[in-house]
Each structure stands twice: as C-alpha cells, then as structure tokens.
Amino acid sequence: MVQKYQSPVRIYKYPFELVMAAYEKRFPTCPQIPVFLGSEVLRESRSPDGAVHVVERSCRLRVEAPRLLRKIAGVEHVVFVQRNVLNWRERTLLIEARNETFASRVVVNESCSYTVHPENEEWTCFEQCASLDIRSFFGFENALEKIAMKQYTANVKRGKEVIEHYLNELISQGTSHIPRWTPAPVREEDARSQAGPRDPGSLEADRSGSAPGPAPETVLTDEDKLDADYIERYVGHLTPVQESCLIQLRHWLQETHKGKIPKDEHILRFLRARDFHLDKAREMLCQSLSWRKQHQVDLLLQTWQPPALLEEFYAGGWHYQDRDGRPLYILRLGHMDTKGLMKAVGEEALLKHVLSVNEEGQKRCEGNTKQFGRPISSWTCLVDLEGLNMRHLWRPGVKALLRMIEVVEDNYPETLGRLLIVRAPRVFPVLWTLISPFINENTRQKFLIYSGSNYQGPGGLVDYLDKEVIPDFLGGECVCNVPEGGLVPKSLYLTEEEQGHTDQLQQWRETYQSASVLRGAPHEVAVEILEGESVITWDFDILRGDVVFSLYHSKQMPKLGPQEPGARAGGQLMDKGWVLGVDYSRVEAPLVCREGESIQGSHVTRWPGIYLLQWQMHSPPGNVACSLPGVEDVLTALHSPGPKCKLLYYYEVLASEDFRGSMSSLESCTSGFSQLSTTTSSSSGQSHSSPLVSR
C-alpha cells in the first residue's frame, strides 16, 4: 500500500527572491538537519535569458534505523536524486526528489514548490507532498514504513525552521532585499537565435515553471487551500501526519463530493474519531454527509421550530462557556419527564431537537473561536441528575436515547469536550449500565461523575467553570434560564392515531407485555437469579383498575404452565400450599397502584433463587396483605363477569458484572427525588429498591 503525505501551505512573510537565497544556503550541507550528510551537483543548466535555472543534485541522508535493520540492509546512508527547476520569471521553484538507494524495493517520491502568495506578492508559499511505496524489504516492511514516516515528518517540521534560520542570517548580514529578475536587453539577432532550436532541458524547465504538473503548483490558483497559519489559528496544533490527513481528505472531497464541502473543523472531527486513519475517516464522513443531505440537516437551524411543549418541558439550554472557552450546555435530566415528552411529542421530534442542539453547538464553537482567538471545536455539557429515578428508565425511552446516542456519535463525533454529571443518585448505575456500551470509548473518557455534593469545592465544578457562571440551583451565583422541566400533563399526550403515524405505538407494544388481573387471580412473573447480586428492574402502566404490586423471593421454582416459561396469565404461579415466611418471603412492601399511573422500580437482589413479580386486584385495606387465594376464589374470578384490571409491563435483569463495581454505589447513594414522582421503599433489610409512581 502506498503511504501518502500532503503538507499544508507554509507561509514565509518574505519576498520570493530572499527566500530563494536562504534556500540556496542549505547546500551543499545543512548542519540544522543532522541526517542530511551532504550533496553534490550532478547536472546544471540555464535558459539563454537566465530566467530558468535547472539543478540536479545527489543528496546523502543518514539512515535513522535500529542497528540490526542497518546491518541487514548493508547501508549507513541512502542517496536521493533531487531536481530543482527555478523560474525567476514566474517566481516559482519546483522540486522533485526520488530515492536511488533500494529503488527496486522502496519507491519514495517527493514534490515541493515555492510560489508567490496569491494575495500578497511580498510573501512566499511552500507546499510539499510525498509518497512511500515499500514493495519488499527483507521482511521488515512495517518497521521500515514507521521509521520512514517518523523521520520524514520530523524533517518536514524542521524544514521551515531551517529556512527561517538562513533568512535571519541573511538579514543579520545586511541582505534584507534582493531585486526581482528582469530580462536583459537582447539584440534582434539574439532574439531570432533564441526562437530557433533550444536545449531540451531548458524547454522542459520552462514548461515546468509555467504549466500544471503533478506537484502542488496549483497552490497559486486554489483559493480553498489550507496554510499552516490558518490551521494553527482556526483548527489547532496538528502533527505533520495529522495535517496531511486533513488536507488529503479535504482535497478528496473537493474532487469527488458534489454537495457542500464541510468546514475543516468538521472534517477534522471525523479524523480524530478514527484516530486519523484516513480511509476509515473518509468512510465515516461520507456516510454522515449522505445522512445530512437525506434529512436536510444543513437547514435544520433555519427550519426547525421546537413545539411549545418542548420549550416548556425540555430542561436543557445554553449557558455561557466553561473556563476553556467551550460553549456550556446545561441539561437538568433529573427534572425532565422523559416518558411524558416521548408520549407528548414523539421520538422523531425529540431526535430533531437533539440534532438542533448539536448544530447550534457547532455554530457556537465557531463564534467562540473568533471571540477568544484560539481554536474551540467542542463544547461542555453539565448534566444535573437530581431527581433521576426509574421513570427515566422507561424502556422505549431508553431505546430512543440509545438511538439518539448512535446518531450523534455517527454524525457529530468529537464535539463533546467534557461531560460533567452532578448529583448522581443511586439509580444512576442502572442507567449507566444500559447506555455506556453504546458510547465511544474516547467519549466515555470525557465523563466526570459527582454523587451527592462532591461537585462543590476544589476538584468539583470550580475546576472547570468560573464561579460567576455556576448555576444558582447548584449553589452558584448565576441565574440560569434553562427550563425547569416538570411533569407533562397526560392531556397533552399524542392519541393512538397520532402515535401510529410514527410507528411508536407498535414499538411500545413490542417492548411491553399486556396482562389482565381478575379478582382473586393475580398475574405473576417468575425471574430466576443465578447469582446473589443482580438488579431486577420493572416498568408498568396501569391501563384500567387499581392493582397491588409486590415482589417475593423463593428458593424453589414454582410449577410453570406449559405456554410461558416466565409467567402464566390469569393465575398465580406459587403453589396454594406455600406459606409466607416459610416457603417464600416478601422482599418489597405491597405498592397500591391506581388506574392511569406509571410505575418504575428496581430491586438489588441478595440471594440467588426465584423472584416473583406479582400484580393482584386492589382490595379494601384490610385485605391487601392477605394470604394466597384458594382454588374456589380463582374459579369464581374466572367465571365472574365482574370488573378486571389491565396493565402493560416490562422487566429486565441486569447482572452484577455489568455494573463494573458500581453495585455499592447503587445501594448507598441517596436520591433527592423531584416533584415528578413519589417514592415508596422497602425496609425489609433484603433489598435496596426505588419503586416510583408518576401520577
């Protein structure tokens, strides 16, 4: 595979003639580049009028490689042949170089150009490109490639410093100006003789100075070229290889992409996301550009107007910037009714709103780059989790969140500079377990998580935010205008017909199971836990009637029906002869759930065995905790035309190894629940749970 390198345009703020004088001082030796051992002129020619000067040199470079590799190769230095075509009339110097040593095994080609700056004729531009093709090298091809690229990029970085060294030397010696070349007066007979046959080398030299060739002489006419000063100012410090990847990918887009060419900061994000692997970054960027065109994302900020409901209940917004000048976005996730928003505006509207936030973030980064005079390509997000509860783990909501994470990761890579998570409650590890596998490792490393009040004081928010911008609800002095969120009224939910149009109702029905609960005939689900510490999570909606929800533990498996391995509708799973406290035990206090409520909860198990989730019709208070119903009660309920309860439920078991050591955090962290929900917890000593009711 051919390895390519393309440099940005490097600018010398000196006239071309003075830069050429500095360049000539590099020969025949150059102490500033230790690997350059020396050079000798092989051939030299000039055009009759002196405008074009062609020099061919043999250059010796010391081999910077391990001793074993040098011994195998049998050489201590390599020879390159360099051909320079200096055109004083056009004010250009074109350089072509190729290796002579090991030419049958390794092919190195280099092209450089010095030209006049297109906007300032008193400045000089330098551009460089090269290719390396290792065909065979005694089995050390990969090692040689790494050594060659490392040495080459080091020399590229040193090249500008060398020219500037000799420029300063010339100026210190009193040479600060060299007049431009002017043609000498010629007599008429000389002009006629010059019009006749000429030296082929001179003709080629003239053509090289004025006609397009394979080298980057297009610098003069390419208005979209990148120069090193621009990169440093607007993109940031890059290594020579990183600069090369940026320029190559940009040139490739200019040649092949028919739509709008993204900005350099945008291209660079995709390169960083793929560790500057050019092919992988190109594939990722092309897929994103196709996605942007398909969904008209470039017009999103002009066309998207969030529904009034989102503006009122979506608890997120922009708030000044952090200490590094990054735009700061605040999300009060714990105060946001994610389930209510999903049911009121739909997943697509929420996704579009998230995309608009990312588009606005890129726009603010550009503004801050200009304002602060340094490259700012990412923003900081401050997430307040006070009030986070199991309501936020509503399964369709989690699925929607994972989809949004995937879309953002694919199309807005490397836009998150830092994520500050504060007031993380005990339920946070459950959410983290669900979403962290879908977050890129580079992104996860930018997360800083604070539980309780650890965000206050040294090591907390003050390390990343100025005191005057810390929001008031986090103990700061700055009034924050981010909406506080709140419970979305159910009267604002989409109807089933509206949900059907977005295929959401079907998705939710595929996730949840439905159950009917008759009087005396509870609905139960058996969950087998093989290890002591696991987490059982549940989420259910009461569609009709009132039910009592309980959780039991037993060491023995109940006799399951033949149709469902985990539950049998219309009857209990526990044997009627079981005795509470002997054959099974209650690990969650009964929770009365009213019609229309949504309930989410979790239970950290202590022992392996069988856990049974039970829903039974609500009876008068005196009968809530009654023992198991008899056969007669069940038969009566099944044949009774009386009312029945209906619910949709979902449950999931999270294994302890998925928490990666955060199980104790799940148990011990305290949670300050917001007005979104009330809490009912067990004090059985066997569990740490967080069942929540949203009315």
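Start by selecting P28, which is found in the loop between α1 (16-24) and β3 (36-46), and keep in mind throughout the tour that this is a predicted model. Add F27 to the selection and look at the link between the two residues: F27 and P28 are joined by a cis peptide bond, with an omega of about 5°.

Next, move along the chain to F102, which you will find in the loop between β6 (92-99) and β7 (106-116). The point to examine here is the backbone, for F102 is a residue other than glycine and yet has a positive phi, near 55°.

Now turn to pairs of helices. Two helices that pack together are described by the angle between their axes and by the distance between those axes. Select α8 (residues 264-273) together with α9 (residues 278-295), and you will have a pair that packs at an angle of about 130°, with the axes 8 Å apart. That angle makes α8 oblique to α9, and the crossing of α8 and α9 is right-handed.

For a second pair, select α14 (395-411) and α15 (428-435). The angle at which α14 and α15 pack is about 50°, and their axes lie 10 Å apart; α14 and α15 are therefore oblique to each other. If you view one helix of this pair in front of the other, you are looking at a right-handed crossing of α14 and α15.

Keep α14 in view, because the last stop is the largest pocket, and α14 gives the largest share of its lining, nine residues. The space in the largest pocket comes to about 1200 Å³. Which residues lie nearest the centre of the largest pocket? Select L331, V354, L401, I405 and V408 to find them, and then widen the selection to the lining as a whole, which is made up of 45 residues. Elements that give two or more residues to this lining include β10 (327-331), α12 (338-345), α13 (347-372), β11 (379-384) and β12 (416-424), as well as α14 and α15.

Finally, colour the lining of the largest pocket by class, where 33 residues are nonpolar, seven are polar and five are charged. Colouring by domain instead shows that domain 2 (228-295) and domain 3 (307-490) each supply at least three residues to the lining of the largest pocket.

Technical notes: Residues are numbered from 1 along each chain as its sequence is written. This is a predicted model: local features need pLDDT of at least 70, side-chain atom pairs count only at pLDDT 80 or more; totals for chains, interfaces and linings use all residues. Side-chain values use heavy atoms; hydrogens and water are left out. On a 1 Å grid over the protein atoms alone, a cavity is a set of points where a 1.4 Å probe fits but cannot get out, and a pocket is an open set with protein on both sides within 12 Å along at least five of seven lines; lining residues have an atom within 4 Å of a point. Grid points are joined across faces, edges and corners, and a volume is the space filled by probe spheres set on the points. Helices (H or I, at least four residues) and strands (E, at least two) are DSSP runs, numbered from the N terminus. Ala, Val, Leu, Ile, Met, Phe, Trp, Tyr, Cys and Pro count as nonpolar, Asp, Glu, Lys and Arg as charged, and the others, Gly among them, as polar. Domain bounds come from an automatic or database domain assignment. Axes are lines fitted to C-alpha atoms, for helices over the stretch in contact, and angles run from 0 to 180 degrees between N-to-C directions. Angles under 35 degrees count as roughly parallel, over 145 as roughly antiparallel, 65 to 115 as roughly perpendicular and the rest as oblique. A crossing is left-handed if the near helix is turned anticlockwise from the far one by less than a right angle, and right-handed if clockwise.
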